[in-house]
Amino acid sequence: MSASDEIWILGIRMTKFGKHPDLDTVDLAAEAATGALSDAGLTMSDIGALAAGNLMAANAGIGQQLQKQIGQTGIPVYNVANACATGATALRTAIMAVKAGEVDYAMAVGVEKLSGAGLLGAGGRKRAEADVWAPAGRYGAVAPIDGRIGTEAMPGVFAQIGTEYGHKYGGTSFELFAKISEKNHAHSTLNPLAAYQKRFTLEQIMTDVMIAYPNTRAMCSANCDGAAAAVVCNGETLKSLSLEQRRRAVKVSASVLTTDPYEPGCQVLPNVNTLTRNAAATAYEQAGVGPSDLDLVELHDCFATAELVHYDNLMLCEEGGAADFFNSGATWRDGSTPVNVSGGLQSKGHPIAATGIANIWEICHHLRGEAGDRQIQNAKLGLAHVIGLGSACGVHILEKSAA
């Protein structure tokens, strides 16, 4: 691969996640964007393309609003909405602009205001129905499952996904899922930017309010406010920069975005497994590495049950071996494959469009040796993963600079 084909993260910033009643989406996005520019040693006049992600106000043109705050320079703006993979999709868009040779630098931003939003993805409103169901509309041949054979609320969907994995492979239990959450909350105590930095006992987690068995409230991702941004360039451009910029740059060894492949129609469960496994396999091939080479992983633990199945989907363990893998202690920060040392979505928080870039922010700081008390020693390679139902999966493999 030539230097012009290489992609590097030059600057990256994540805001403090949590409740920000005095800041709107533009304020948060501007904080992340200007922070990423400062981290990169650039100004807005250097940026050739902007990809801005915001899901809850997807038609508001957050990219153009952000430009008015931090500098309107006439560059192309791509407004991105792709479920929980919105941030990763924005970064992939910026990467493609650089890889195409159209620009020297591109920036991706993801921002969301979600504190106080309650449960998201809770299905549509109940409609009056006749005694006999009749198809209607473009997708009328497909009935919504909510209230018929399951639920479309995200806690319930991922509860089913986790219990289905246990039914298929064995080894899972309410306590095991709670232990995953216990790990992530423990990790969060070392992350000053996490929405929640509180350790919970196993008993506190298991006796918390039940949302959708086996996920209690403490085992669910935290809706909150936040933003994250990243600036990317190619290897040729990086060569022209200072030694310090080259030293702190992080190589994007793989950038992959997938959707569901065709499968026979099924109304039982959304399939979060196939597209994640496909994304991971493609990413490992692109990067020329395997799961055993990873020093840390930030994966999409929207619920404790989700984290377990993604151990398997990302091939961190043998197929069907996720429960044994977790029980081995591998995923704790002092284990062989630390997972979600940031605290994960359950503690760090999940401002949807920001999450994909925030996961990458965490990996970058370990590869730079800048993660403070939670630093994974000698980290050289990390993987960031997000998934959005609808469906979209983003996987990025990041590599420490040799400069």
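Two strands count as paired here if DSSP finds at least two bridges between them. The structure is a predicted model.

**The sheet**

By that rule, nine strands make up an open sheet with mixed pairing. Their order is β3-β2-β4-β7-β1-β8-β11-β10-β9. At the edges lie β3 (77-80) and β9 (296-298), each pairing on one side only. On average, neighbouring strands are turned by 25 degrees against each other, direction ignored.

Strands of a sheet pair through backbone hydrogen bonds, either parallel or antiparallel. Which sense do β10 and β11 take? Strand β10 (residues 381-388) pairs with strand β11 (residues 392-400) in the antiparallel sense, over eight bridges. Within this pair, Ala384 stands opposite His396 in β11.

**Helices on the sheet**

Helices α1 and α3 pack on the sheet, as the table sets out.

| Helix | Residues | Strands touched | Direction |
|---|---|---|---|
| α1 | residues 25-40 | β1 (7-14), β4 (105-112), β7 (226-234) | about 35 degrees with β7 |
| α3 | residues 86-99 | β1, β2 (49-53), β3, β4, β7, β8 (250-258), β10, β11 | about 170 degrees with β4 |

Helix α3 touches the edge strand β3. Its list of contacts also includes β10 and β11, the antiparallel pair described above.

**A helix pair**

Helix α4 (residues 154-169) packs against helix α10 (residues 304-313). Their axes are 8 Å apart, and the angle is about 50 degrees. The two helices are therefore oblique to each other. The crossing of α4 past α10 is left-handed.

Which residues meet at this contact? From α4 come Phe158, Ala159, Ile161, Gly162, Tyr165 and Tyr169. From α10 come Thr305, Ala306, Leu308, Val309 and Asp312. By class, the contact has eight nonpolar, two polar and one charged residues.

**Ala194 in its loop**

Ala194 sits in the loop between α5 (174-188) and α6 (202-206). Is Ala194 buried or exposed? Its relative accessibility is 0%, so Ala194 counts as buried; the cut-off for buried is under 20%.

Ala194 also has partners from elsewhere in the chain. Leaving aside neighbours within four places in sequence, Ala194 is in contact with Lys16, Phe17, Ser188, Ser342, Ser347 and Lys348. One of these, Phe17, is 177 residues away along the chain. Even so, the C-alpha atoms of Ala194 and Phe17 are separated by 5.6 Å.

Technical notes:
Residues are numbered from 1 along each chain as its sequence is written. This is a predicted model: local features need pLDDT of at least 70, side-chain atom pairs count only at pLDDT 80 or more; totals for chains, interfaces and linings use all residues. Side-chain values use heavy atoms; hydrogens and water are left out. Helices (H or I, at least four residues) and strands (E, at least two) are DSSP runs, numbered from the N terminus. Axes are lines fitted to C-alpha atoms, for helices over the stretch in contact, and angles run from 0 to 180 degrees between N-to-C directions. Contact means heavy atoms within 4.5 Å. Angles under 35 degrees count as roughly parallel, over 145 as roughly antiparallel, 65 to 115 as roughly perpendicular and the rest as oblique. A crossing is left-handed if the near helix is turned anticlockwise from the far one by less than a right angle, and right-handed if clockwise. Ala, Val, Leu, Ile, Met, Phe, Trp, Tyr, Cys and Pro count as nonpolar, Asp, Glu, Lys and Arg as charged, and the others, Gly among them, as polar. Buried means under 20% relative accessible area, exposed over 50%, partly exposed in between (1.4 Å probe, protein chains only).
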